[in-house]
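Visitor: Could you take me through one part of this assembly up close? I'd like to hear about one chain and the neighbour it sits against.

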Amino acid sequence: MVPVEYYVGLSAILFTLGVVGVLTRRNAIIIFMSIELMLNSANLLFVAFARTFEALNGQIFVFFVMTVAAAEVAVGLALIVAVFRSKSSINIDDVNSLRG
Amino acid sequence: MLLSETTNPGGVFSLVPWIVFFPVIGLLINLLFGKRLGEKFIGTVASLASGAAFAVSAALFFALQANHGHPVVVPFLEWIHIGDLAIDWAFRVDTLSVTMMLVVSGIGTLIHIYAAGYMHYDVQYKEDPASYVRFFIYLNLFIAMMMILISGDNYLMLFVGWEGVGLCSFLLIGFWFNRSPDGTPGTGNSYAAKKAFIANRVGDFGFLMAIFTTFWVTHSLQFDEVFHHFEEGLVPEWAIWAIALFMLLGVTGKSAQIPLYVWLPDAMAGPTPVSALIHAATMVTAGVYLITRSAPVFSAIPEVQGVVATIGAVTALFAATIAVGQFDIKKVLAYSTVSQLGFMVAAVGMGAYAAGMFHLVTHAFFKALLFLGSGSVILAVERGHHPIGEDAHGHDHHDDHHGHDDHGHAFDPQDMRNMGGLRHKIPWTFWTYMMGTLALAGIPIWAGFFSKDEILTDALHFSLPIYIILTLAAFLTAFYMGRQVWLVFFGEPRSHGAEAAKESPRAMLIPLVVLAALSVLGGFMNFPTTHQFGHWLEYTLGHFYHATQFNANVALGSTAFALAAIYLSWLVYGQKPRQTVKEADPLEKALPGIFEGMQAKWWLDDIYEEAIIKPYQRLAAFLADVVDWRFWHDWFHERVLRDGFFGLTRFLANPVDLGVIDGIANGLARAAQGSAAALSILQTGFVRNYALWVFVGVVLILGTLIFR
Amino acid sequence: MTPDLIVFLALGLVAVGAAVGMLLSRNAVYSALFLILNFATMAVFYLVLGAPFIAMVQVTVYAGAIMVLFLFVIMLLGAEHLERHTSVDWQKPVAVLLGLGLLGMVGYLLVSGQVTLGTITTPEQGYGSPLEIGRALFTEYLLPFEITSVLLLAAMVGAIVITRRDAPNRKKR
Amino acid sequence: MNFLLEPLNLVTFFPLVGVLLLLFIKKDSAARWISLVTALITFGISIWMLTLFNQSDGGLQMEINLHWFSFAGWDIRYALAVDGLSILLVLLTTFLTPIAILSTWHAVEERVREFQIFFLLLEVGMLGVFLAQDLFLFYVFWEFTLVPMYFLIGIWGGEQRMYAAIKFFLYTMAGSILMLLAILWLGIEQGSFHVPTLISLGGIPADIQIWLFLAFAAAFAIKVPMWPLHSWLPDAHVQAPTAGSVILAGVLLKMGTYGFLRFNIPLFPQAARELAPLMAFLAVVGILYGAAVSFSQTDVKKLVAYSSISHLGFVVLGLFALNEQGIQGAILQMVNHGISTGALFLIVGFIYERRHTRALDKFGGLWTVMPVYAVLTLIVSLSSMGLPGLNGFVGEFTILLGAWGAATGVLGSYWYAALAALGVILAAIYMLFMFQKMFLGPVTNKKNEGLPDLSRRELLTLIPLLVFIFWIGLYPKPFFGLMSASVEQLVQLVNVLP
């Protein structure tokens with residue numbers, strides 16, 4: 001019998017790693033992967049709670065999260081490709097034409 | 001007091017209102033037609049009006065005797081009715097009021113006749129013939145007012161007459177309003193008139209307070225009801241004291257007693273008939289009449305009687321001392337009147353109402369005689385000085401510089417120093433004047449002796465000090481009358497006017513003779529044994545009357561004093577008569593300081609001037625200028641209200657409006673700019689930075705949620 | 001130490017290790033591979049938690065499709081070692097610090113016991129089976145299901161439009 | 001149509017007919033005649049109203065009580081009525097106005113038409129104040145009277161007329177603001193503005209009554225004027241034209257004392273009893289202060305103005321004796337003051353028309369030059385001084401008697417009446433001072449030599465006043481009869497303990 005708190009702890013750790021990854025890495029793709037990691041930690045928690053409360057909603061929600069993530073990755077990578085083609089670099093700091 | 005029947009009084013009594021109507025009719029006739037119909041018409045109409053009033057009074061006298069002296073009230077008209085205050089115009093006919101009516105209208109008529117002659121000349125000398133009619137209008141008005149005073153049935157009607165005669169004395173004293181007492185153009189007469197009126201007003205204030213207290217204690221002002229309350233003892237003691245003392249203040253104002261007598265000597269500024277009628281015979285006696293009428297009030301508490309008697313006695317002595325030092329013939333008589341009034345007030349103060357009234361009547365006779373006599377003397381000297389009128393036939397105003405004799409200053413016909421040796425020049429006036437002098441001095445047989453003797457006898461029973469003061473006053477009276485006679489009629493004429501003095505016309509001499517007769521026979525009205533006059537008054541006074549037993553040694557004493565005084569005056573003035581106008585008065589050498597005080601009326605006038613009149617003027621000026629104008633008007637209104645308002649608006653306009661409100665608005669704008677600048681450094685352009693700040697927001701919110 | 005707990009800890013460690021590896025690896029491909037490992041452990045977790053359908057979907061969609069796409073793009077762009085110059089380097093410590101702060105808060109929340117949830121028990125038969133999920137999808141969640149289908153379509157069209165090389169109306173210089 | 005034929009409406013608004021006619025008139029003389037005739041007709045109507053008046057009934061008569069408009073739940077009524085308290089003042093107004101107009105024949109030369117229009121409007125305002133029975137309507141008329149008076153002083157006045165007019169306007173306005181607050185409070189709390197209903201309702205707690213009393217008293221004290229608030233009066237009188245002064249002294253000042261009588265005493269009986277000593281104190285100070293200050297004035301008009309302060313001090317003292325003698329005396333004294341001071345201002349106007357100066361020391365010995373003028377002035381000043389047998393005395397005597405009686409009752413001490421009685425002496429002093437300075441003594445100033453005596457027109461303005469001076473003095477019964485019933489009711493109302 002594993003108390004749910006452990007799952008919450010685990011997913012928090014994963015989520016934080018994802019955030020740190022997003023904030024520290026300069027490579028757009030790595031940032032992208034870190035976001036996927038954050039999404040996954042959320043999904044984990046969803047399923048854990050679905051399990052504790054005997055409700056399927058959690059899992060269905062995870063299903064939807066995954067579809068959205070897939071759509072997001074498609075568009076994101078397309079953007080990265082487009083950016084790379086115009087700036088020949090996918091370093092996130094170079095993408096600063098919106099500077100105020 | 002016998003309660004009077006107020007059932008409809010039949011017959012003669014219903015004539016009472018006519019004693020007021022006749023003079024008023026005479027007044028109106030003169031007012032409307034006087035100017036056009038000449039002096040003769042005016043004089044006769046006025047005298048007839050006064051004579052008619054005398055006739056009605058005589059009729060009432062006989063009707064009252066037939067009615068066995070029971071008082072009768074004749075209601076005439078309703079006056080003021082509010083709540084329980086009910087005052088009507090109602091006439092009261094009782095022995096006291098009839099006596100006064102007879103005296104007033106009798107002597108009034110005589111003086112009207114005398115004035116018809118006297119004013120003819122006086123008007124010439126004052127170069128204002130048109131004012132002849134005005135004189136007789138005022139004189140009739142005075143008779144009417146005096147009649148209201150003595151025939152009123154309640155205190156308020158009495159008060160109407162009281163102030164009415166005050167007004168007439170104002171008008172008559174200030175008759176020659178554009179001249180000063182010595183005849184030269186100036187404001188002297190008008191000041192004397194104003195002084196008289198205001199002094200009377202002060203007395204009237206006291207009388208008014210007495211009326212208020214009486215009303216709120218007895219709930220009526222009608223004599224019978226008020227006296228009923230007093231006799232039943234329903235009136236609290238403080239009220240009796242208040243009423244009596246306030247009334248006494250009124251009496252001192254009107255009858256010229258100690259505090260408020262200052263106006264009477266100045267009243268001599270009026271023409272002589274006025275002085276005779278108003279300031280000797282009738283008006284000034286109103287105070288004595290009031291005390292006699294309010295006998296129950298004054299005899300309720302012995303101490304009150306003491307106060308009144310002392311004031312009377314002290315006035316008698318004080319005025320007598322001043323009379324000795326005067327040189328103006330009318331001033332001597334004026335102070336003599338004040339002194340004799342002192343006698344009367346002392347008498348009625350002691351409760352000897354009959355004696356007081358008797359002296360009032362006899363005094364009216366001989367004092368009117370003396371004043372008219374002095375008028376005749378003055379006129380004789382004036383006509384001697386610059387003759388005018390029928391014998392000179394053309395108004396030769398040759399010396400129009402108004403009678404300056406050789407010494408440059410104006411020739412004052414009233415100054416005894418300019419007279420002397422007139423007994424041969426104006427014999428009629430001299431002999432009638434002698435009758436009056438002897439009566440006043442109190443020589444037996446003459447009227448003065450009997451009335452003064454009765455007062456002295458009562459004084460002896462009442463209190464010794466008062467008797468001594470009164471006897472001293474009597475002695476001085478005899479002395480100054482003697483002095484006057486020696487100065488005026490004996491010795492040598494000391495001025496051109498005295499030299500060429502001419503006897504007055506017959507119209508003036510007749511009243512003098514009649515009055516002389518009355519002065520001699522008057523005494524027998526109340527002969528010590530029979531007391532007919534006393535019993536006549538008893539009908540009104542009731543139990544307040546007690547006949548004074550004849551006291552032989554008092555009579556002898558007073559006669560001896562009188563003769564001694566006359567002899568003394570002969571020693572000082574008669575033996576070596578005064579030669580020139582300028583030389584000092586023998587008494588001045590004898591008792592220098594005192595004589596100077598006497599002559600200067602003990603400086604009382606100046607004391608009043610400094611103590612009352614000047615401070616009031618200064619106070620009024622201070623109030624008007626500093627308090628009202630500079631403080632209330634300028635400072636309070638201008639500085640405080642107006643400038644305060646302007647200050648407020650300026651304050652609101654500049655510092656508050658510009659400073660604060662604009663300040664806030666600009667401040668906000670600057671703050672916005674500052675923060676915007678500060679925040680702009682966040683726009684680094686690096687996406688990661690934005691992500692970082694997003695994360696920072698997440699952490700902060702999560703923190704607050706958890707740790708709140 | 002119950003067997004479930006041991007399983008949990010083992011899987012947990014593997015997952016965290018993979019995540020850290022993903023973060024720290026210089027080479028993008030290695031980080032991608034670490035991420036795939038992480039997804040696999042996630043699938044096992046789902047099985048433990050009684051969600052067999054989700055596990056299967058995780059493996060096929062996430063590990064299979066998305067990661068393959070990543071690897072493909074990495075290979076396409078040759079972006080394995082592009083970390084040349086670093087800018088705004090003050091951000092790294094702040095990020096780590098914030099991360100620790102977040103962990104601290106969640107830890108505090110769990111330790112303080114304000115929230116008492118429940119425990120995981122072995123699922124009863126057919127709990128997370130595709131049958132139930134399918135029935136749920138097509139009854140309660142029919143509308144979101146259709147919307148996601150539209151979303152996926154939009155994403156595909158977008159991806160194609162963005163990456164077309166010779167679009168006639170693209171950036172006029 | 002019968003609304004207009006109601007006696008009270010007719011008398012209040014008839015002058016407007018004159019105003020309408022005047023709008024179309026060009027010639028000055030025609031304007032004067034029209035306004036005079038209108039004023040005389042108004043006087044005739046008021047006499048007709050007098051015949052309808054029933055003396056024995058103390059309550060309100062010829063009452064008009066219509067719904068005027070309702071505003072926020074308040075029902076404001078157009079209510080006019082007359083009773084014993086106000087009938088004499090209405091007659092005084094309609095009696096003085098024609099006289100004042102007659103006195104402007106030669107005095108006002110320029111813009112005569114506007115002058116007469118303002119004068120008739122003023123009359124409407126004054127009548128409205130005395131007849132209004134609804135607090136709102138009263139306030140409307142109260143403020144309305146300010147406007148014409150402001151113009152009368154402002155346009156036809158002396159040198160600093162603007163200063164005086166503004167001061168007059170602001171002083172009265174400031175006071176009436178407080179009154180407005182009190183009226184609103186009454187309207188809200190008691191639910192109605194109608195005075196008779198307010199009186200019957202009663203039941204205002206004592207302490208609130210005090211505040212309401214003081215609020216009303218502020219407005220009326222300025223108007224009377226009572227001692228501390230009087231500094232507008234000398235300016236207003238000195239700068240106002242003769243007719244303006246006559247009406248200002250004759251009627252406008254009475255609005256203040258009437259206000260006390262109609263509103264302060266019946267509406268707040270406990271407060272009236274409690275504050276009677278304070279008001280009596282202010283009144284007595286006013287009497288002595290007014291008399292002393294007027295004694296040392298050099299401008300004859302200012303002297304008469306300050307004498308009004310002293311006379312009205314008597315009226316207020318009478319009012320707050322709160323007994324029959326006091327109040328009846330006060331009402332009669334209002335009428336007397338209107339007559340004698342109105343006459344005094346006419347007299348000052350005559351000499352001003354001849355010599356164009358008001359300085360006392362410029363005159364002297366006028367009796368020899370103008371005997372008729374001198375005798376009439378003597379009679380008027382004697383009446384104003386309170387000589388028994390003339391009207392002043394009857395009023396003053398009853399007031400002082402009432403104040404003396406109230407000493408044991410509401411006033412609490414004899415000092416009030418005693419000091420007020422001193423005022424009688426001070427009055428004699430300043431009146432004789434004025435009379436002597438102007439008329440007695442020799443003629444010193446050359447300009448006084450050839451002055452013409454009173455013309456027939458001038459005599460015509462003075463004679464009616466003199467008739468009343470003697471009539472009220474000798475036989476005041478009809479005047480007392482008119483007001484005794486209403487005053488009796490008022491006294492019972494005030495003295496019944498709650």
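Guide: Here is a walk through chain C and its side towards chain A, with a short look at the other chains afterwards.

A bit of housekeeping: this is a predicted model, where local features need pLDDT of at least 70, side-chain atom pairs count only at pLDDT 80 or more, and totals for chains, interfaces and linings use all residues. Residues are numbered from 1 along each chain as its sequence is written, while chains are lettered from A and ligands numbered from 1 in the order in which they are written.

Chain C has six helices and one strand, with helices (H or I, at least four residues) and strands (E, at least two) taken as DSSP runs and numbered from the N terminus. Read from the N terminus, the order is α-α-α-α-β-α-α. Of its 173 residues, 25% count as buried, meaning that 20 or more other C-beta atoms, placed from the backbone, lie within 10 Å of the residue's own. Among chain C contacts between residues at least 6 apart in sequence, 58% join residues at least 24 apart; a contact here is two C-beta atoms, placed from the backbone, within 7 Å.

Now for the neighbour. Four pairs of chains touch, and the most contacts are between chains A and C. On this interface, 71 residues of chain C meet 59 residues of chain A. Giving two or more residues each to chain C's side are helices H1 (3-24), H2 (28-48), H3 (52-77), H4 (91-111), H5 (130-139) and H6 (142-163), along with strand S1 (119-120). H3(C) supplies the largest share, 11 residues. By class, this side of chain C has 51 nonpolar, 16 polar and four charged residues; Ala, Val, Leu, Ile, Met, Phe, Trp, Tyr, Cys and Pro count as nonpolar, Asp, Glu, Lys and Arg as charged, and the others, Gly among them, as polar.

Chain D is another story. Chain C and chain D do not touch, with their nearest C-alpha atoms 58 Å apart, and chain A doesn't touch chain D either, the nearest C-alpha atoms there being 60 Å apart. Within chain D, strands S1 (residues 61-71) and S2 (residues 74-82) pair in the antiparallel sense over eight bridges, where pairing takes at least two DSSP bridges. Ser70(D) has Asp75(D) in S2(D) as its bridge partner. Two residues lie between the strands of this hairpin, and Ala72(D) takes a positive phi near 55 degrees there.

Note on methods:
A residue is buried if 20 or more other C-beta atoms lie within 10 Å of its own, exposed if 12 or fewer, and partly exposed in between; C-beta atoms are placed from the backbone.
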